[in-house]
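The following exercises concern open and enclosed spaces in a protein model, together with the packing of one helix. Please work through each task before reading its solution.

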Amino acid sequence: MTAAIAPLTARPAWQALKAHHQQIREVHLQQLFADDPQRGERLTLEAAGLYLDYSKNRITDETVKLLLQLARESGLGERIDAMFRGEKINVTEKRAVLHVALRTPQGASIVVDGENVVPQVHAVLAKMAEFAQRIRRGDWRGHTGKPIKNVINIGIGGSDLGPVMAYEALKHYSERALTFRFVSNIDGTDFAEAVRDLDPGETLFIISSKTFTTLETMTNAHTARDWFLAGLGGEVKAVARHFVAVSTNTEKVREFGIDTANMFEFWDWVGGRYSLDSAIGLSTMLAIGPDNFQAMLSGFHQMDEHFRTAPFEANLPVLLGLLGLWYNDFFGAQTVAVLPYEQYLKRFPAYLQQLTMESNGKQVTLEGTAVDYQTGPIYWGEPGTNGQHSFYQLIHQGTRLIPCDFIAFAQPLNPLGRHHDMLLANVLAQTEALAFGKAPEQVQAEGTPDWLAPHRVFLGNRPSNTILAARLTPETLGKLVALYEHSVFTQGTIWGINSFDQWGVELGKALAQRIIPELESREEPRLAHDSSTNALIRRYRRLKGAP
Ligand code: F6P
């Protein structure tokens with residue numbers, strides 16, 4: 001960011017938004033809709049086949065104007081260009097941020113350190129496609145001559161959440177003759193349950209790790225190797241037919257014992273949480289095939305191009321990011337609920353949690369000074385309609401403001417009688433109920449006794465976005481993920497933080513390395529933690545029956 005940009009809270013648009021918020025904070029959505037009969041059609045935006053209705057937000061035209069001004073005053077345009085040009089905008093790790101290169105069509109040029117990375121991206125995609133076809137056709141044989149029937153991705157964070165989310169989201173398009181499982185947790189149960197009914201001779205492990213040093217992934221990978229070798233009579237040379245790696249770290253892959261011919265590469269300019277469309281998506285490609293994977297990349301690219309070129313007022317990720325920022329920084333909202341009305345998107349909220357919270361959960365600016373405003377909100381959610389019978393009560397009648405993103409599709413992937421119309425009726429009803437509520441007069445007019453009436457009142461004025469698309473396809477999924485990626489970027493830029501590092505995960509990792517030997521030691525360890533941690537370690541050792 002250039003030095004000319006004022007601190008966030010000193011920018012004219014920020015100041016104006018603060019004053020504007022004072023005027024608008026009590027205005028009810030009922031009023032806003034009554035004042036403008038066209039609001040529900042006017043405050044909408046369509047891009048790359050995704051339709052966003054943002055009319056049920058607590059905003060006026062003035063709010064949008066000021067938010068757009070804030071984006072401009074924050075240098076968003078320059079920052080978008082810098083990312084797409086391959087500048088090292090991840091300053092704390094001195095890296096370019098080029099997930100957009102992963103979906104750039106052949107023939108384009110994006111230069112990092114003097115080298116065009118686009119041909120490298122396509123070379124890896126071609127290698128993935130060739131491998132995927134061999135597995136899917138049964139041409140790739142395991143050590144005992146059997147075709148591969150089971151694929152287990154071992155990874156964590158971005159090397160797990162993207163693959164598992166995409167697999168679940170696109171299961172409808174997947175090769176059902178193959179079984180896919182995902183092991184991430186260092187809790188041994190994760191691995192044990194994943195393999196308990198599998199034949200090692202028919203199983204392929206994809207060890208997915210950008211660094212190939214992550215404790216959980218390397219522990220699970222070694223356990224997988226032991227399980228596999230135990231099943232195949234200890235034949236070490238069998239490993240080559242059953243273990244492949246996805247990583248940036250060739251040395252470590254070789255050290256583990258995986259033939260680097262079976263390594264699928266990606267690069268340090270791909271952040272873990274932005275990597276599902278890199279080789280980290282190998283399990284996705286195995287499941288849905290290279291053509292569908294290509295369609296997903298095309299969806300990503302369409303949204304990238306929209307983000308890069310559309311004016312801010314017609315830019316879907318910019319608008320989504322600004323609306324989130326409005327509630328986060330001016331209304332004091334602490335969370336955002338993401339509510340997909342699509343069963344296949346059941347892991348989408350979990351995926352978004354890493355994307356949004358690892359990216360924008362930051363306390364200092366790019367220059368290292370403490371922020372004096374709120375940064376990334378908490379993201380959470382569950383697919384509808386299940387959430388309706390659980391936590392929606394709090395969203396409707398609780399004391400907190402929880403902006404919601406509803407996501408729905410017009411065409412069901414599994415048409416079954418009236419199910420889909422009923423599903424969609426629910427999503428529309430929820431946004432209507434949240435916005436407009438149910439007034440005391442209405443409750444009374446229904447004959448509700450006075451003592452009960454207050455409990456049955458819905459105050460409304462609870463904001464939501466509705467994202468509607470025709471159908472959940474690989475292409476649509478790419479667009480949806482890119483929409484959120486760029487909305488996170490928009491917010492991170494305005495907050496002036498680095499959305500691409502994750503130093504906050506380091507301390508716990510380092511402390512765990514110190515505690516592991518204390519838990520494993522045969523001798524009573526000399527402990528030098530605080531009294532709580534010391535006591536917990538001692539109790540754990542006693543309970544597990546340590547010597
Ligand atoms: O949790 C921290 C983190 O570095 C994530 O950013 C990353 O996605 C995950 O760990 C896994 O890292 P790797 O792919 O290097 O194993």
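**Exercise 1. Identify the elements that cover the buried residues of α16, and establish how those buried residues are placed around the helix axis.**

Solution. The model is a predicted one.

Step 1. The cover over the buried residues of α16 includes α2 (29–35) and α15 (392–397), together with the strands β10 (335–341), β12 (404–411) and β13 (464–471).

Step 2. The residues of α16 that are buried, with under 20% relative accessible area, are His420, Leu423, Leu424, Val427, Gln430, Thr431, Leu434 and Ala435. Because they cover an arc of only 125° around the axis, they lie on the same side of α16.

Step 3. The length of the helix can be checked as well. With 18 residues at 1.5 Å a residue, α16 should span 26 Å, and the distance of 26 Å between its end C-alpha atoms agrees with this.

Step 4. Just beyond the helix, Gly437 adopts a positive phi of about 65°.

**Exercise 2. Determine which residues lie closest to the centre of the second largest pocket, and what α16 contributes to its lining.**

Solution.

Step 1. The second largest pocket holds about 380 Å³ of space. Its lining consists of 16 residues, and those closest to the centre are Gln343, Asn414, His419, His420 and Leu423.

Step 2. Helix α16 (residues 419–436) supplies the largest share of this lining, 5 residues. His420 and Leu423, listed among the residues closest to the centre, also belong to the buried residues of α16.

Step 3. By class, the lining comprises 7 nonpolar, 8 polar and 1 charged residues.

**Exercise 3. Describe the largest pocket: its volume, its lining and the element that gives the most to that lining.**

Solution.

Step 1. The volume of the largest pocket is about 840 Å³.

Step 2. It is lined by 36 residues, with Thr211, Thr214, Gln502, Val505 and Lys509 nearest the centre. Two or more lining residues come from each of α9 (215–231), α14 (348–360) and α20 (506–520).

Step 3. The greatest contribution is that of α20, with 5 residues.

Step 4. The lining of the largest pocket divides into 11 nonpolar, 16 polar and 9 charged residues.

**Exercise 4. State how many cavities of 30 Å³ or more the whole structure contains, and characterise the linings of the largest and the second largest.**

Solution.

Step 1. The search of the whole structure yields 3 cavities of 30 Å³ or more.

Step 2. The largest cavity has a volume of about 110 Å³. Among its 16 lining residues, Leu320, Gly324, Val336, Asp405 and Asn465 are the closest to its centre. Elements that give two or more residues to this lining are α13 (316–329), β12, β13 and α19 (474–495), and α13 gives the most, with 4 residues.

Step 3. The lining of the largest cavity has 9 nonpolar, 6 polar and 1 charged residues. Two of its contributing strands, β12 and β13, also take part in covering the buried residues of α16.

Step 4. The second largest cavity encloses about 50 Å³. It is lined by Leu102, Val121, Val124, Leu125, Glu265, Phe266, Trp267, Asp277, Ser278 and Ala279. Helix α6 (residues 118–137) gives the most to this lining, with 3 residues.

Step 5. The classes in the lining of the second largest cavity are 7 nonpolar, 1 polar and 2 charged.

Key
Residues are numbered from 1 along each chain as its sequence is written. This is a predicted model: local features need pLDDT of at least 70, side-chain atom pairs count only at pLDDT 80 or more; totals for chains, interfaces and linings use all residues. Side-chain values use heavy atoms; hydrogens and water are left out. On a 1 Å grid over the protein atoms alone, a cavity is a set of points where a 1.4 Å probe fits but cannot get out, and a pocket is an open set with protein on both sides within 12 Å along at least five of seven lines; lining residues have an atom within 4 Å of a point. Grid points are joined across faces, edges and corners, and a volume is the space filled by probe spheres set on the points. Ala, Val, Leu, Ile, Met, Phe, Trp, Tyr, Cys and Pro count as nonpolar, Asp, Glu, Lys and Arg as charged, and the others, Gly among them, as polar. The expected span of a helix is 1.5 Å times one less than its number of residues. Buried means under 20% relative accessible area, exposed over 50%, partly exposed in between (1.4 Å probe, protein chains only). The arc is that of the directions from the helix axis to the C-beta atoms. Contact means heavy atoms within 4.5 Å.
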